[in-house]
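Good morning, and thank you for making time for this short presentation. Please look at the sequence and the structure while I speak.

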Amino acid sequence: MSLPIPRFIAVSITGLGGTDIEPGALTWHEAIGQIEKLINSGFSSSDIVVRIDPLYPGITTPDTEYGEKLIRDIVKECYRLGIKQIYTS
């Protein structure tokens, strides 16, 4: 008897991708686009977990362009794709 192999994809999204702080990371729009490609290729949105990381004190704060609105926008896009498991660190 064979058991099904569970699928699990963890994706970290930073709102700081492409900036001086994280120049090599994808922008959050690019990361969402890659997640959408995964879903369109057959992965279920329930297989995908998103971690919004890192959150930097003094940078990703409500009064900056990388703050609360940006994080809300990332979460809204994840929900639009059907992703319900979203974490921060």
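Among contacts in the chain between residues at least 6 apart in sequence, what percentage join residues at least 24 apart? The figure is 69%. Please keep in mind throughout that we are looking at a predicted model.

Let me begin with the overall layout. The chain has 2 helices and 3 strands, and read from the N terminus these elements follow the order β-α-β-α-β. Along the principal axes, the C-alpha atoms occupy a box of roughly 55 × 20 × 20 Å. The chain has 89 residues, and 33% of them are buried.

I turn now to the interior. The largest nonpolar core has 15 residues. Those that touch the most other members are Ile-13, Ile-35, Ile-48, Val-50, Ile-74 and Ile-83. Four elements each give two or more residues to this core, namely β1 (9–13), α1 (28–40), β2 (48–52) and α2 (68–80). The largest share comes from α1, with 4 residues. As general background, nonpolar side chains in soluble globular proteins tend to be buried together.

Two residues serve to illustrate the contacts in more detail. With residues up to four places away in sequence not counted, Ile-74 touches Ile-13, Gly-15, Trp-28, Ile-32 and Ile-52. The second residue is Val-11, in strand β1. Is Val-11 buried or exposed? Its relative accessibility is 16%, so Val-11 counts as buried, the limit being under 20%. Apart from neighbours within four places in sequence, Val-11 is in contact with Ile-35, Ile-48, Val-49, Val-50 and Arg-51. Val-11 and Ala-31 are 20 residues apart in sequence, while their C-alpha atoms are 8.3 Å apart in space.

The next topic is the pair of helices. How do α1 and α2 pack? Their axes are 11 Å apart and meet at an angle of about 10 degrees. Because angles under 35 degrees count as roughly parallel, α1 is described as roughly parallel to α2. On the α1 side, the contact is made by Trp-28, Ile-32 and Glu-36. On the α2 side, the residues are Leu-70, Asp-73, Ile-74, Glu-77, Cys-78 and Arg-80. By type, the residues of this contact comprise 5 nonpolar and 4 charged, with no polar ones.

Those charged residues lead us to the salt bridges. How many salt bridges does the structure hold? There are 5, and I shall discuss three individually.

In one of them, the side chains of Arg-80 and Glu-36 meet, with an N to O distance of 3.5 Å. Arg-80 belongs to helix α2 and Glu-36 to helix α1, so this pair ties together parts that lie 44 residues apart in sequence. Arg-80 is partly exposed, at a relative accessible area of 47%. Glu-36 also counts as partly exposed, at 28% relative accessibility.

Another salt bridge joins the side chains of Glu-77 and Arg-80, at 2.9 Å from N to O. These residues are 3 apart in helix α2, which means that about one helical turn separates Glu-77 from Arg-80. Glu-77 has a relative accessibility of 24% and counts as partly exposed. Taken together, Glu-36, Glu-77 and Arg-80 are linked in a network of salt bridges. In general, side chains of opposite charge can pair when their charged atoms come close.

The remaining salt bridge on my list is between Arg-72 and Glu-68, with the closest N and O atoms 2.5 Å apart. Both residues lie in helix α2, 4 residues apart, or about one turn of the helix. Each of the two counts as partly exposed, Arg-72 at 48% relative accessibility and Glu-68 at 36%.

Finally, I would draw attention to the backbone. Which residues are joined by a cis peptide bond? They are Asp-53 and Pro-54, with omega at about 0 degrees. Pro-54 is placed in the loop between β2 and α2. For context, most peptide bonds are trans.

To close, I would leave you with two points. The core receives two or more residues from each of β1, α1, β2 and α2, and the salt bridge between Arg-80 and Glu-36 joins helix α2 to helix α1. Thank you for your attention.

How values were computed:
Residues are numbered from 1 along each chain as its sequence is written. This is a predicted model: local features need pLDDT of at least 70, side-chain atom pairs count only at pLDDT 80 or more; totals for chains, interfaces and linings use all residues. Side-chain values use heavy atoms; hydrogens and water are left out. A nonpolar core is a set of buried Ala, Val, Leu, Ile, Met, Phe, Trp, Tyr and Cys residues joined through side-chain atoms within 4.5 Å. Buried means under 20% relative accessible area, exposed over 50%, partly exposed in between (1.4 Å probe, protein chains only). Contact means heavy atoms within 4.5 Å. Axes are lines fitted to C-alpha atoms, for helices over the stretch in contact, and angles run from 0 to 180 degrees between N-to-C directions. Angles under 35 degrees count as roughly parallel, over 145 as roughly antiparallel, 65 to 115 as roughly perpendicular and the rest as oblique. Ala, Val, Leu, Ile, Met, Phe, Trp, Tyr, Cys and Pro count as nonpolar, Asp, Glu, Lys and Arg as charged, and the others, Gly among them, as polar. A salt bridge is a side-chain nitrogen of Lys or Arg within 4 Å of a carboxyl oxygen of Asp or Glu.
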